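Hi,

Here is the structure I said I'd pass on. Have a look at it first, and my notes follow underneath.

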Amino acid sequence: LPLFGLLSLAFALLAAHLPVAGQNAPEPRREQLLNGLRLLIINRPGDPEVLLRARVHSGAAFDLADKEGLTALLGDALFDANTREFVREDLDGRLEVSTGYDYIDITLAGRASDFERFVDLVKNGLTNTQLSPDVVGKLREARIKAAREAAPAPSTVADRAAAARLFGKYPYGRSIEGTPASLARVERPDLMLARERFLNPNNTTLVIIGGVEPRTVMRLLRQNL
């Protein structure tokens with residue numbers, strides 16, 4: 001990923017995280033682990049909170065033909081319901097996973113004192129993604145049900161029609177979330193292949209913003225990631 005793209009990601013996150021409009025954004029510290037994982041670190045001394053965002057630089061544009069929603073399903077599999085509840089209830093934090101055409105984003109935010117736990121959660125999500133037949137079946141059925149029940153806004157329908165007309169069969173003309181029919185065609189081996197292809201350190205950038213000293217950040221990341 002070009003330097004401009006990395007810095008844009010960091011500054012966009014920082015701008016969203018800053019409580020005071022117009023505050024100058026500091027230059028992020030750039031590092032890279034031996035396994036190729038790229039890091040952008042912005043230390044904010046005294047800040048009691050920390051935000052981590054892991055961006056996998058592959059997304060729905062790589063969904064297999066007629067299997068739209070594959071990457072969205074992979075994103076669903078990164079964290080189970082118990083993990084999401086643990087972050088929300090026990091850590092009083094926030095855990096979100098979003099998928100675009102060119103990325104999967106994992107966002108974790110909470111107390112800086114829980115930074116080590118957040119790092120461990122990112123590690124488990126990306127390196128120990130659960131894709132058992134039972135898990136895949138439940139996630140697929142949940143997405144199919146949600147797709148059937150969803151009533152897209154008129155603007156969304158218009159955007160999809162315009163994208164389909166503009167891009168045709170090209171990936172950017174397809175749905176990120178998938179349809180009931182396309183999701184039903186996604187099989188466990190498809191998800192396992194996507195996991196092996198895309199959930200790799202050298203295809204990921206991790207941004208850390210908040211009140212965690214950079215030396216502590218690097219020590220924990222080298223130990224865990």
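The accessible surface of the protein chain is about 12,000 Å², and carbon and sulfur atoms hold 52% of that. Keep in mind that this is a predicted model. Of the 225 residues in the chain, 44% are buried. The secondary structure adds up to nine helices and six strands. As for contacts with a separation of 6 or more, 77% of them join residues 24 or more positions apart.

I then spent some time on helix H2, which covers residues 70-77. Seven of its eight residues are buried, so-called "mostly covered": Leu-70, Thr-71, Ala-72, Leu-73, Leu-74, Gly-75 and Ala-77. What do these buried residues pack against? Their partners are helices H3 (81-90), H5, H7 (180-184) and H8 (188-198), along with strands E4 (94-99) and E5 (104-111).

The pairing with H5 (residues 133-149) is the one I looked at in detail. Two packed helices are described by the angle between their axes and the distance between the axes. Here the angle is about 120° and the axes lie 10 Å apart. Because angles of 65 to 115 degrees count as roughly perpendicular and those over 145 as roughly antiparallel, H2 comes out as oblique to H5. The crossing of H2 past H5 is right-handed.

On the H2 side, the residues that meet H5 are Ala-72, Leu-73, Asp-76 and Ala-77, while H5 brings Leu-139, Arg-140 and Arg-143. Sorted by class, that contact has four nonpolar and three charged residues, with no polar ones.

Cheers

Conventions: Residues are numbered from 1 along each chain as its sequence is written. This is a predicted model: local features need pLDDT of at least 70, side-chain atom pairs count only at pLDDT 80 or more; totals for chains, interfaces and linings use all residues. Side-chain values use heavy atoms; hydrogens and water are left out. Helices (H or I, at least four residues) and strands (E, at least two) are DSSP runs, numbered from the N terminus. Buried means under 20% relative accessible area, exposed over 50%, partly exposed in between (1.4 Å probe, protein chains only). Contact means heavy atoms within 4.5 Å. Accessible areas come from the Shrake-Rupley method with a 1.4 Å probe; for residues, only the protein chains shown count as cover. Axes are lines fitted to C-alpha atoms, for helices over the stretch in contact, and angles run from 0 to 180 degrees between N-to-C directions. Angles under 35 degrees count as roughly parallel, over 145 as roughly antiparallel, 65 to 115 as roughly perpendicular and the rest as oblique. A crossing is left-handed if the near helix is turned anticlockwise from the far one by less than a right angle, and right-handed if clockwise. Ala, Val, Leu, Ile, Met, Phe, Trp, Tyr, Cys and Pro count as nonpolar, Asp, Glu, Lys and Arg as charged, and the others, Gly among them, as polar.
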